[in-house]
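Open your viewer, get the selection box ready, and follow along stop by stop. Each stop gives you something to select and a note on what you will find there.

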Amino acid sequence: MKNIVITSISTIMTFIPWTIIPLRSNAWALEYPAAGIIISIYAAFMIISGIFTIFAYVKGKVQNDLMKVCMVINGIYAVGGVAAFCMMIV
């Protein structure tokens, strides 16, 4: 049961970063303070989801095929989140 719950959470975390697309289609989301806040929140979520998925795969021993796919995708998201933070700092 633990494996199913963790796999479900990781799968949901895989699709949440795509919700930025309809959100950023609003005019208020393109203005300076809101845009920075939105990107920071999404970048932090992507980093957290990558860490959660990798930790669950390695330490939690949740190693099924769907979890492997989620680990790769969320790992790429985590690297993208770190890159977004680095671009915002510079």
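**Stop one: a residue in a loop**

Start by selecting Lys-61, which is exposed, with a relative accessible area of 60%. The model in front of you is a predicted one. Lys-61 lies in the loop that links helix H3 (32-58) to helix H4 (65-89). Now look at the backbone there: Lys-61 has a positive phi of about 60° although it is not a glycine. As a reminder, most residues other than glycine have a negative phi.

**Stop two: the whole chain**

Zoom out and switch to a cartoon view. The protein chain has four helices and zero strands, and reading along the sequence gives the pattern α-α-α-α. Along the principal axes, the C-alpha atoms fill a box of roughly 45 × 25 × 15 Å.

Try a surface view next. The protein chain exposes about 5800 Å², and carbon and sulfur atoms supply 79% of that area. Of the 90 residues in the protein chain, 32% are buried. Contacts reach along the sequence too: among those with a separation of 6 or more, 67% are between residues 24 or more positions apart.

**Stop three: the core**

Which residues form the largest nonpolar core? Select Ile-6, Ala-56, Tyr-57, Val-62 and Met-67, and you have the five of them.

Begin with Ile-6, which is in helix H1. Is Ile-6 buried or exposed? Its relative accessible area is 16%, so Ile-6 is buried. Leaving aside neighbours within four places in sequence, Ile-6 is in contact with Phe-52, Ala-56, Val-62 and Met-67.

Now move to Ala-56. With neighbours within four places in sequence again set aside, Ala-56 is in contact with Ile-6, Lys-61, Val-62 and Met-67. Lys-61, from your first stop, is therefore one of the contacts of Ala-56, although Lys-61 itself is exposed.

For a distance to try in the viewer, pick the C-alpha atoms of Ile-6 and Glu-31. These residues are 25 residues apart along the chain, and their C-alpha atoms are separated by 36 Å.

**Stop four: two threonines in helix H1**

Stay with helix H1 and select Thr-7, which has its place in this helix. Thr-7 is buried, with a relative accessible area of 7%. Show what surrounds Thr-7: leaving aside neighbours within four places in sequence, the contacts are Val-62, Asn-64, Leu-66 and Met-67.

Then select Thr-14, also placed in helix H1. Thr-14 counts as buried, because its relative accessibility is 6%. Not counting residues up to four places away in sequence, Thr-14 touches Cys-70, Ile-73, Asn-74 and Tyr-77.

**Stop five: the cysteines**

One contact of Thr-14 leads straight here: select Cys-70. Cys-70 is buried, with a relative accessible area of 2%. Add Cys-86 to the selection; Cys-86 is partly exposed, at a relative accessible area of 42%.

How many disulfides does the count come to? The count comes to zero disulfides. For reference, a disulfide is a covalent bond between the sulfur atoms of two cysteines.

**Stop six: a salt bridge**

Select Lys-68 and Asp-65 and show their side chains. Lys-68 forms a salt bridge with Asp-65, and the closest N and O atoms are 4.0 Å apart. The count of salt bridges comes to one. Lys-68 and Asp-65 are three residues apart in helix H4, so about one helical turn separates them.

Compare how the two partners sit at the surface. Lys-68 counts as partly exposed, at 38% relative accessibility, whereas Asp-65 is exposed, with a relative accessible area of 60%.

**Stop seven: a nonpolar patch**

For the last stop, go back to the surface view and select Met-1, Ile-4, Val-5 and Ile-9. Together, these residues make a nonpolar surface patch of about 420 Å².

Pick out Val-5, which is found in helix H1 (residues 2-15). Val-5 is partly exposed, with a relative accessible area of 38%. Residues enter a patch only with over 30% relative accessible area, so Val-5 passes that cut-off at 38%. To finish, show Val-5 and Ile-6 side by side: Val-5 is partly exposed, whereas Ile-6 is buried.

Definitions and conventions:
Residues are numbered from 1 along each chain as its sequence is written. This is a predicted model: local features need pLDDT of at least 70, side-chain atom pairs count only at pLDDT 80 or more; totals for chains, interfaces and linings use all residues. Side-chain values use heavy atoms; hydrogens and water are left out. Patches are made of residues with over 30% relative accessible area and no salt bridge: like charges are joined within 9 Å, nonpolar side chains (Val, Leu, Ile, Met, Phe, Trp, Tyr) within 5 Å. Accessible areas come from the Shrake-Rupley method with a 1.4 Å probe; for residues, only the protein chains shown count as cover. Buried means under 20% relative accessible area, exposed over 50%, partly exposed in between (1.4 Å probe, protein chains only). A disulfide is a pair of cysteine sulfur atoms within 2.5 Å. A nonpolar core is a set of buried Ala, Val, Leu, Ile, Met, Phe, Trp, Tyr and Cys residues joined through side-chain atoms within 4.5 Å. Contact means heavy atoms within 4.5 Å.
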